[in-house]
Number of protein chains: 2
Amino acid sequence: MYSTDFTKRLLTYRLSLTHLKKVGLNDVYSHLLAGETSHSASLIRKDLSRLQVKGKRRGGYDIDTILQAINAYFGNKERDRIILAGMGNIGKAIIQNKDFEKHNIQIIASFDLNPAIQRKKFSIPVFPMEKCREIVVNYKIDVAILAVPAFSAQSVCDQLIQCGIRGILNFAPVNLKVPDNVYVSNVRLVDELQQVIYHTKQKRKHGEYS
Amino acid sequence: MYSTDFTKRLLTYRLSLTHLKKVGLNDVYSHLLAGETSHSASLIRKDLSRLQVKGKRRGGYDIDTILQAINAYFGNKERDRIILAGMGNIGKAIIQNKDFEKHNIQIIASFDLNPAIQRKKFSIPVFPMEKCREIVVNYKIDVAILAVPAFSAQSVCDQLIQCGIRGILNFAPVNLKVPDNVYVSNVRLVDELQQVIYHTKQKRKHGEYS
DNA sequence: TCGAATTTGTTCAATTGATCACAATAATTA
DNA sequence: TAATTATTGTGATCAATTGAACAAATTCGA
Ligand SMILES: NC(=O)c1ccc[n+]([C@@H]2O[C@H](COP(=O)([O-])OP(=O)(O)OC[C@H]3O[C@@H](n4cnc5c(N)ncnc54)[C@H](O)[C@@H]3O)[C@@H](O)[C@H]2O)c1
Ligand SMILES: NC(=O)c1ccc[n+]([C@@H]2O[C@H](COP(=O)([O-])OP(=O)(O)OC[C@H]3O[C@@H](n4cnc5c(N)ncnc54)[C@H](O)[C@@H]3O)[C@@H](O)[C@H]2O)c1
């Protein structure tokens, strides 16, 4: 199996390629994509080779072919349905964003312990956690977004796994403990920002100027 | 200089250590921290060694000492002040979150082109972009969060850099073009989720069960 | 049609990063 | 006190990833 870095790069390529396509291009050279994505041209060629995308020597790669290969890699034939736990600020921001739909990801339901939130009208239904198993089983859901406060994150995580969830995108600043057969990815916004601050200071220090 | 992976691991350690401390521990063994963070014990020891944190042989490491070293590494003496561009769903979620303050990061102002939003009352002032240079210069701001729609991301990014910003945490699904002396980190929520979905399917396939 | 220019595809080398393994050392127990 | 156990700290090894380089192929122009 390929590294997670490879997978991540593919999504970066996709982003640039859809943009280039919108701008009117049909073909792309590895070094052009390199400029867009800040990955080296030879790494890009190697990645495309792993994806079994063939370019034309001296002609570059066909953008649509790459995009199809990337989407195929992620199995984007069927629509992926997921759920959301925690309908707070982050949860609401996410369900209002159209990008998930655009990439065939559908958030079909959310869960929140706050009855006031349950009563509100959103684009998707809000249930109490007790309803979770029913939804997960009936709709064969594998993946959940976890956007509850830190102090309840582990407990809600446990419940999700209990209900059958096998993949979690976690926003809470907590290192979740999960069994081996569950995949967790953490979005640590505070950490990300702190890293930006740190690296920005470093750049200043080491005097990189354009 | 150290890799960004090293920097990222430090923040993971910090998360677990603050948790362990809250639970009542004062000391920690490398393999205990390994269990919390899913990094190997030997890697953790090497990281701590690089941080010049000394443990006691057979006695483990003092948690406070590690935490101080990590905070020192990130220069957490002074409070870091940053700005926010785009007061939409993500922007609002971020300014309402207390975690940034807790880590000495202060978002002092935000910018949005929507006059209706500018008139609303938030915990921080909302200015039109024209005010940006003044704020950035007067308060010596280096870092910005970019949370505007994709189609205006590059343009707002350019303006920020024009005003003197040197580090950007970008939420828009765009590969920003910036000069060499600017550091950019991207939060790609759709990509993150797609990766979770992908890796969850893979785990299913390769039959990992706990 | 031939040659020059350009870009892919892949091999190879080098670097980086992580793990292994163990000596050094400290604590514990008998 | 001596033996034993547990843990750090680090040098050596191993693996993975990246970048460089170049042959093969294709296009373009003369
Ligand atoms: N908002 C941000 O910008 C931001 C930044 C970094 C991290 N985070 C983290 O993301 C998570 C969500 O953030 P937020 O701003 O949306 O928080 P929030 O407080 O706005 O929303 C949390 C929601 O979870 C619900 N909830 C609480 N306990 C629950 C439980 N046991 N079961 C089901 N639902 C429960 C609450 O009712 C609330 O609606 C938090 O852990 C936060 O630390 C948020
Ligand atoms: N909401 C999510 O969950 C989510 C998920 C993935 C990615 N994103 C991305 O994050 C970014 C922000 O998302 P959001 O949901 O907050 O969007 P949003 O539409 O709610 O907010 C965008 C804000 O930016 C302001 N804005 C637009 N153009 C501007 C300009 N030129 N200068 C200054 N301000 C401007 C708008 O007035 C608005 O207030 C978008 O690029 C979006 O694609 C969001």
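This report describes the surroundings of ligand 2 and the relation between chains A and B in a predicted model.

## Basis of the model

Local features require pLDDT of at least 70 and side-chain atom pairs pLDDT 80 or more, whereas totals for chains, interfaces and linings use all residues. Residues are numbered from 1 along each chain, chains are lettered from A and ligands numbered from 1 in the order written, and side-chain values use heavy atoms, without hydrogens and water.

## Position and shell of ligand 2

Ligand 2 lies between chains A and B. Its shell holds 25 residues (a heavy atom within 4 Å), of which A:N97, B:N89, B:I90, B:D112 and B:V148 come nearest. The shell comprises 17 nonpolar, 6 polar and 2 charged residues, with Gly counted as polar and Tyr, Cys and Pro as nonpolar.

## Polar contacts and cover

Polar contacts are pairs of N or O atoms within 3.5 Å. In chain A, a backbone N or O atom of A:A93 lies 3.1 Å from a nitrogen atom of ligand 2. In chain B, backbone N or O atoms of B:A150 and B:F171 each lie 3.5 Å from an oxygen atom of the ligand. The protein covers 85% of the 820 Å² of accessible area that ligand 2 has on its own (Shrake-Rupley method, 1.4 Å probe).

Two or more shell residues come from each of α5 (89-96) and α6 (99-102) of chain A, and α5 (89-96) and α9 (150-163) of chain B. Helices are DSSP runs of H or I with at least four residues. The largest contribution, 3 residues, is that of α9(B).

## Relation of the chains

A rotation of 180 degrees with 0.0 Å of shift along its axis superposes chain A on chain B, with RMSD 0.0 Å (least squares on C-alpha atoms with pLDDT of at least 70 in both). The two copies are therefore related as by a two-fold rotation axis.

Note on methods:
Polar contact = N/O pair within 3.5 Å; in protein donor to acceptor, adjacent residues only side chain to side chain.
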